[in-house]
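This report goes through one protein chain, from its surface and overall form to a metal site and a few single residues.

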Amino acid sequence: MSYDEQTVIDRYFRHLGAVRTDVVLGIGDDAALLRALPGCELVQTSDALVEQVHFLPGSPPRSLGHRALAINLSDLAAMGASPAWAMLSLTLPQIDESWLGEFAAGFGVLARTWQVALVGGNLSRGPLSVTVQLTGQVPAGTALRRGGAQVGDELWVSGTLGDASLGRAAPSAAEAGGHADWLRTRYEYPTPRIALGEALRGIASACIDLSDGLLADAPRIAAASGCGAWLDVEQLPISAALRALSGESAWERALAGGEDYELFLAAPPARAAALEGVAARLSVPLTRCGQLRAAPGVELRRGGAVIQFSQSRFDHFAP
Ligand SMILES: [Mg+2]
């Protein structure tokens with residue numbers, strides 16, 4: 001059975017995602033027509049997943065569909081934006097019906113969860129890659145940025161860190177006991193912190209999503225704000241699963257593992273109670289783990305002492 005591009009779009013993508021009244025014209029014309037909310041700024045991002053670079057051959061297609069959208073949603077969350085419209089560009093080596101069905105299901109469930117309409121894209125033949133472009137909206141002037149925080153602002157992180165990195169290493173049930181499935185899910189189905197990002201508008205002074213790991217992303221928020229920072233590795237939020245498997249070295253994976261897609265933010269100390277209120281209302285843990293300071297660079301502390309740690313040391317120990 002052979003398919004042309006139109007048949008694949010009709011079968012798998014035309015009705016994928018949320019139905020939104022601000023989509024004047026969706027998939028099917030030369031371009032989409034979208035109606036932005038008055039008084040809002042548009043927030044746009046794009047991210048690609050390429051086979052052999054970002055994922056291994058044979059990766060579950062449902063997870064790829066989820067992750068391709070989730071990593072873009074996470075970028076909008078970091079800006080405090082509300083997601084709205086997605087474009088999907090898919091390059092496939094061949095048409096595989098069961099692969100497409102699973103991929104579309106992973107993408108579609110997450111899109112409907114966050115009211116994202118799929119409004120267009122492209123399909124072509126070639127090495128497997130998935131590119132999503134996502135547009136959201138934010139009331140003018142309220143978007144969160146990496147820069148804008150001040151010396152003295154406290155640093156907070158959502159959720160727990162390091163689980164995705166351990167899940168990517170795919171520990172066997174024998175190694176991970178009852179935690180193996182949960183850890184794999186943390187890697188294959190990351191949770192974008194959209195509701196948290198929206199709630200942080202007017203509270204956080206700067207924000208970034210943790211795609212590359214705190215060790216890489218913390219210096220970005222500090223540098224964009226024109227300052228340095230210290231982080232206390234003993235304050236990093238660590239799940240029971242990571243603690244059980246990694247024990248004393250859990251903080252190393254939490255610091256350097258990456259792909260957690262949690263939010264890392266700065267806020268003045270006077271807003272700590274507001275942050276705790278947001279965390280309680282949304283049932284998303286927020287943990288204070290450091291502070292911005294005038295001296296440049298990011299200093300790591302453990303039990304009050306300054307420690308040295310590098311990504312290469314972590315990679316050396318990673319399975
Ligand atoms: Mg990002």
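## Surface, fold and metal site

About 14,100 Å² of the chain is exposed, and 52% of that area is supplied by carbon and sulfur atoms. The model is a predicted one. Of the 319 residues in the chain, 50% are buried.

The chain holds twelve helices and 13 strands. Its radius of gyration is 20 Å, close to the 20 Å that the globule rule gives for 319 residues, so the chain is as compact as a globular protein of that length. Taken along the principal axes, the box filled by the C-alpha atoms is roughly 65 × 55 × 30 Å. Among contacts between residues at least 6 apart in sequence, 85% join residues at least 24 apart. As for charge, the chain carries 25 positive and 33 negative charges, and the mean positions of the two sets are 4 Å apart.

A magnesium ion is present, with Asp75 (OD) and Asp209 (OD) as its protein donors, lying 2.1 Å from the ion. Asp75 belongs to helix H2 (residues 61–78) and Asp209 to strand E8 (residues 206–209), so the pair ties together parts that are 134 residues apart in sequence. The two donors can also be described by their cover: Asp75 is partly exposed, with a relative accessible area of 21%, whereas Asp209 is buried, at 4%.

Another residue to consider is Ala241, in helix H9 (residues 240–246). Ala241 is buried, with a relative accessible area of 3%. Leaving aside neighbours within four places in sequence, Ala241 is in contact with His179, Trp182 and Leu183. The C-alpha atom of Ala241 is separated by 8.6 Å from that of Gly178, 63 residues apart along the chain.

The loop between helix H10 (250–256) and strand E10 (263–267) contains Glu259. Tyr261 is found in the loop between H10 and E10 as well. Glu259 is not a glycine, yet has a positive phi of about 65 degrees. Tyr261, also not a glycine, has a positive phi of about 55 degrees. Both residues are listed below with their relative accessible areas.

| Residue | Phi | Relative accessible area | State |
|---|---|---|---|
| Glu259 | about 65 degrees | 16% | buried |
| Tyr261 | about 55 degrees | 10% | buried |

Glu259 counts as buried because its relative accessible area of 16% falls under the 20% cut-off.

Conventions
Residues are numbered from 1 along each chain as its sequence is written. This is a predicted model: local features need pLDDT of at least 70, side-chain atom pairs count only at pLDDT 80 or more; totals for chains, interfaces and linings use all residues. Side-chain values use heavy atoms; hydrogens and water are left out. Donors are N, O and S atoms within 2.8 Å of the metal (3.2 Å for Na, K and Ca); water is not among the atoms, so sites may look incomplete. Helices (H or I, at least four residues) and strands (E, at least two) are DSSP runs, numbered from the N terminus. Buried means under 20% relative accessible area, exposed over 50%, partly exposed in between (1.4 Å probe, protein chains only). The radius of gyration is taken over C-alpha atoms; the globule rule is 2.2 Å times the number of residues to the power 0.38. Contact means heavy atoms within 4.5 Å. Accessible areas come from the Shrake-Rupley method with a 1.4 Å probe; for residues, only the protein chains shown count as cover. Lys and Arg count as positive and Asp and Glu as negative; His and the chain ends are not counted. The place of a charge is taken as NZ of Lys, CZ of Arg, CG of Asp or CD of Glu.
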